[in-house]
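Here is a colleague's note for someone opening this structure for the first time. Please keep the model in view while reading.

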Amino acid sequence: MRIIGITGGIATGKSTVSQILREYYGVVVIDVDKISRLVVEPGTDALKKIEAEFGSDILQEDGYLDRAKLRKITVNDEEKMKVMTGIVWPEMASKTSAMMDNFRRNGIEVICVENAMLIESGNSSKYDEIVVVTCDSDIQLARVISRDNQSEADAQAMIDLQMSLEEKEKHASFLIVNNGSRPTLRKQIDALYRKVIRQENV
């Protein structure tokens with residue numbers, strides 16, 4: 001089974017690329033962000049550890065993790081961010097690996113894994129191809145401000161927590177530049193499907 005990683009910076013359009021691959025091309029896509037929510041559901045070991053580290057105020061009234069509150073706590077505190085990722089990332093990796101094994105057993109030949117922290121997590125060598133979704137920095141900042149209702153300073157802090165787009169682009173075997181034009185994005189995704197996923201003309 002070939003494994004293709006889809007990564008990029010916050011608000012560059014990774015999820016849009018994955019959605020189009022899934023809905024229009026029938027590609028199997030594992031969304032690691034969704035897995036990150038599963039591993040911190042009420043009753044999970046990860047959530048218990050997060051509560052022990054950050055206090056019960058980190059929970060909503062329904063017992064679910066208040067992700068927005070946790071993000072505010074960790075966004076400007078490198079040590080707290082390390083604590084949080086140290087709890088969550090191993091659980092996410094285990095769940096992702098189990099899903100991959102299941103697809104392999106069911107004869108799926110190619111899967112894509114959408115993971116914003118693919119390169120930072122040090123797992124890039126496990127992928128046959130790495131697709132990086134990028135955009136201009138001013139467009140990225142504007143998207144974060146609008147999407148997450150953040151101040152410019154907080155939005156920039158969230159961006160700065162991640163590896164720079166320029167550095168991520170160096171790891172790409174296929175690059176998608178998503179500066180806002182839907183037709184242009186669709187053309188790039190079609191090329192991705194044909195050249196990387198289907199391996200046409202190779």
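The points below go from the sheet to the helices, then to ring pairs, cores and single residues.

1. **Status of the model.** This is a predicted model. Please read each point below with that in mind.

2. **The sheet.** Start with the strands. Five of them form an open sheet, in the order β2-β3-β1-β4-β5. The pairing is parallel. At the edges sit β2 (28-31) and β5 (174-177), each of which pairs on one side only. On average, neighbouring strands of this sheet are turned by 20 degrees against each other, direction ignored.

3. **One strand pair in detail.** Look at β1 (residues 2-8) and β4 (residues 129-134). They run parallel and are joined by five bridges. Ile-6 is a useful marker here: it stands opposite Val-131 in β4.

4. **Helices across the sheet.** Two helices deserve a look. Helix α5 (residues 78-105) lies across β1, β2 and β3 (110-114). Its direction is at about 165 degrees to β2. Helix α9 (residues 182-197) lies across β1, β3, β4 and β5. Helix α9 runs at about 170 degrees to β5.

5. **The aromatic pair.** How many aromatic pairs does the structure hold? It holds one. The partners are Tyr-25 and Tyr-193, with ring centres 4.6 Å apart. Their planes are at 35 degrees, so the pair counts as tilted. Tyr-25 lies in helix α1 (residues 14-25) and Tyr-193 in helix α9, so the pair ties together parts that are 168 residues apart in sequence. Both Tyr-25 and Tyr-193 are buried.

6. **A charge over a ring.** Now find Tyr-24. Arg-186 lies over the face of this ring, at 4.5 Å from the ring centre.

7. **The largest nonpolar core.** In soluble globular proteins, nonpolar side chains tend to be buried together. Here, the largest nonpolar core has 26 residues. Those with the most contacts inside this core include Val-40, Ile-50, Leu-65 and Val-88. Met-100, Val-113 and Tyr-127 also belong to that group. At least two core residues come from each of α2, α3 (45-54), α5, β3 and β4. The largest share, six residues, is supplied by α5.

8. **Val-113 and a separate core.** What does Val-113 touch, beyond its neighbours within four places in sequence? Its contacts include Ile-3, Ile-4, Gly-5 and Ile-6. Others are Ile-30, Val-32, Thr-96, Met-100, Leu-118 and Tyr-127. Apart from the largest core lies another, of 21 residues. Ile-20, Leu-21, Val-110 and Val-133 are among them.

9. **Helix α7.** In helix α7 (residues 152-161), Ala-155, Ala-157, Met-158 and Ile-159 are buried. The buried residues of α7 pack against α4 (67-74) and α6 (137-148).

10. **Asn-178.** Is Asn-178 buried or exposed? Its relative accessibility is 8%, below the 20% limit, so Asn-178 counts as buried. This residue is in the loop between β5 and α9. Leaving out residues up to four places away in sequence, Asn-178 touches Thr-12, Gly-13, Val-133, Thr-134, Cys-135, Arg-143 and Leu-185.

11. **Arg-37.** Finish with Arg-37, in helix α2 (residues 32-38). Arg-37 has 43% relative accessibility, so it counts as partly exposed. Arg-37 and Tyr-64 are 27 residues apart in sequence. In space, their C-alpha atoms are 9.6 Å apart.

Methods:
Residues are numbered from 1 along each chain as its sequence is written. This is a predicted model: local features need pLDDT of at least 70, side-chain atom pairs count only at pLDDT 80 or more; totals for chains, interfaces and linings use all residues. Side-chain values use heavy atoms; hydrogens and water are left out. Two strands pair if DSSP finds at least two bridges between them. Helices (H or I, at least four residues) and strands (E, at least two) are DSSP runs, numbered from the N terminus. Axes are lines fitted to C-alpha atoms, for helices over the stretch in contact, and angles run from 0 to 180 degrees between N-to-C directions. Contact means heavy atoms within 4.5 Å. Rings of Phe, Tyr and Trp (its six-membered ring) pair if their centres lie within 6.5 Å; planes under 30 degrees apart count as stacked, over 60 as edge-to-face and the rest as tilted. Buried means under 20% relative accessible area, exposed over 50%, partly exposed in between (1.4 Å probe, protein chains only). A charge sits over a ring if NZ of Lys or CZ of Arg is within 6 Å of the ring centre and within 35 degrees of the ring normal. A nonpolar core is a set of buried Ala, Val, Leu, Ile, Met, Phe, Trp, Tyr and Cys residues joined through side-chain atoms within 4.5 Å.
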